[in-house]
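The following questions and answers concern a predicted model. Each answer reasons from computed values to the name or number requested.

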Amino acid sequence: MTQPSPPIFDCADPDARLEGLAAAVRAVRTGQLVVLPTDTVYGVGCDAFSGSAVRSLLAAKGRGPDMPVPVLVGSWSTIDGLVLGVPAAARELIEAFWPGGLSLVLPHAPSLAWDLGSTKGTVMLRMPLHPVALELLREFGPMAVSSANKSGSPPAADVHDAAAQLGSSVAVYLDGGPSGEPVASTIVDLTADEPRVLREGAVSVAAVAEVLGREVLTA
């Protein structure tokens, strides 16, 4: 007996969007995976505080814990409860580039019970510039989100591509249309005294340096 295909909700339709977001929140609350559109590529996400859900996410992608899963948030203020402290450089970059294609690596709050992989006490945070993603994150809270593709395969260009790769390992698919050019976020490491750009993507190194008013190191 074949397993029924997970539902795909067309978020261009207001009613389907509401139904899809409600279904996605229910799924994440019960430890399941959802696929959501973001401003970079489609993502597969789960409850950031559920170790078993994060392990399911990694298994669906065919990836190990050596590459930790980033966390997406729905507001600037959410990060205050997730990290050990928010340095001035982080505040400046958040005000300049969030929501958008900038990820920040910071020491996570030691009180948090989460297992995102081999993080060495850090967490990578981003606030995406996509209305569907923001609605889901504001309704549920922080989510562990990785690109919606099998490890080693190209990022999903649309929800059907994600479904072809991840299939029934995902409970709910939210269709936000084609993702456009798959531009990765820029990653800035703020765990040391000097900010360091680990990966240049949607935000240039020069733009980061301009906001911080100083040269920044690169990996």
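**Burial, salt bridges and the largest pocket**

Q: Which residues of helix α3 are buried?
A: Helix α3 spans residues 88–97. A residue counts as buried when its relative accessible area is under 20%. In this helix, the buried residues are Ala 89, Ala 90, Leu 93, Ile 94 and Phe 97.

Q: What arc around the axis of α3 do these residues cover?
A: An α-helix has 3.6 residues a turn, so residues three or four places apart point the same way. The buried residues of α3 lie on the same side of the helix because their arc around the axis is only 130°.

Q: Which residues are exposed on the other side of α3, and what covers the buried ones?
A: The cover over the buried residues of α3 includes β5 (102–107), β9 (186–189) and α6 (205–212). On the other side of the helix, the exposed residues are Ala 88 and Glu 95.

Q: Is Thr 38 buried or exposed?
A: Thr 38 sits in the loop between β2 (34–36) and β3 (43–47). Leaving aside residues up to four places away in sequence, Thr 38 touches Gly 43, Leu 72, Arg 126, Pro 128 and His 130. Its relative accessibility is 7%, and the limit is under 20%, so Thr 38 is classed as buried.

Q: Which backbone atoms does the side chain of Thr 38 reach?
A: One polar contact runs from the side chain of Thr 38 to the backbone nitrogen of Thr 40, at 3.1 Å. Another, at 2.6 Å, ends on the backbone oxygen of Val 41.

Q: How many residues apart are Arg 126 and Asp 39, which meet in a salt bridge?
A: The side chains of Arg 126 and Asp 39 pair with an N to O distance of 3.0 Å. Arg 126 belongs to strand β6 (residues 122–126), whereas Asp 39 is in the loop between β2 and β3. The pair thus links distant parts of the chain, with a separation of 87 residues.

Q: Which partner in the salt bridge of Arg 126 and Asp 39 is buried, and which is partly exposed?
A: Burial requires a relative accessible area under 20%. Arg 126 has 6% and therefore counts as buried. At 27%, the partly exposed partner is Asp 39.

Q: How many salt bridges does a search of the whole structure find, and which residue pairs with Glu 135?
A: The search finds 4 salt bridges. Glu 135, in helix α4 (residues 131–140), is 118 residues from its partner in helix α1 (residues 14–29). Glu 135 is partly exposed at 32% relative accessibility. With an N to O distance of 2.4 Å, the partner is Arg 17.

Q: Which residue forms a salt bridge with Arg 91?
A: Arg 91 lies in helix α3, and its partner is in the loop between β4 (71–72) and α3, 11 residues apart. Arg 91 is partly exposed, with a relative accessible area of 35%, and the partner is also partly exposed, at 39%. The closest N and O atoms are 2.7 Å apart, and the partner is Asp 80.

Q: Which strand gives the most residues to the lining of the largest pocket?
A: The largest pocket has a volume of about 830 Å³. Of its 38 lining residues, the closest to the centre are Pro 70, Met 124, Ser 146, Ile 187 and Arg 199. At least two lining residues each come from β4, β5, β6, β7 (143–147), β9 and β10 (196–199). With 5 residues, the strand that gives the most is β6.

Notes:
Residues are numbered from 1 along each chain as its sequence is written. This is a predicted model: local features need pLDDT of at least 70, side-chain atom pairs count only at pLDDT 80 or more; totals for chains, interfaces and linings use all residues. Side-chain values use heavy atoms; hydrogens and water are left out. Helices (H or I, at least four residues) and strands (E, at least two) are DSSP runs, numbered from the N terminus. Buried means under 20% relative accessible area, exposed over 50%, partly exposed in between (1.4 Å probe, protein chains only). A polar contact is a pair of N or O atoms within 3.5 Å; within protein, one must be able to donate a hydrogen and the other to accept it, and residues adjacent in sequence count only if both atoms are side-chain atoms. Contact means heavy atoms within 4.5 Å. The arc is that of the directions from the helix axis to the C-beta atoms. On a 1 Å grid over the protein atoms alone, a cavity is a set of points where a 1.4 Å probe fits but cannot get out, and a pocket is an open set with protein on both sides within 12 Å along at least five of seven lines; lining residues have an atom within 4 Å of a point. Grid points are joined across faces, edges and corners, and a volume is the space filled by probe spheres set on the points.
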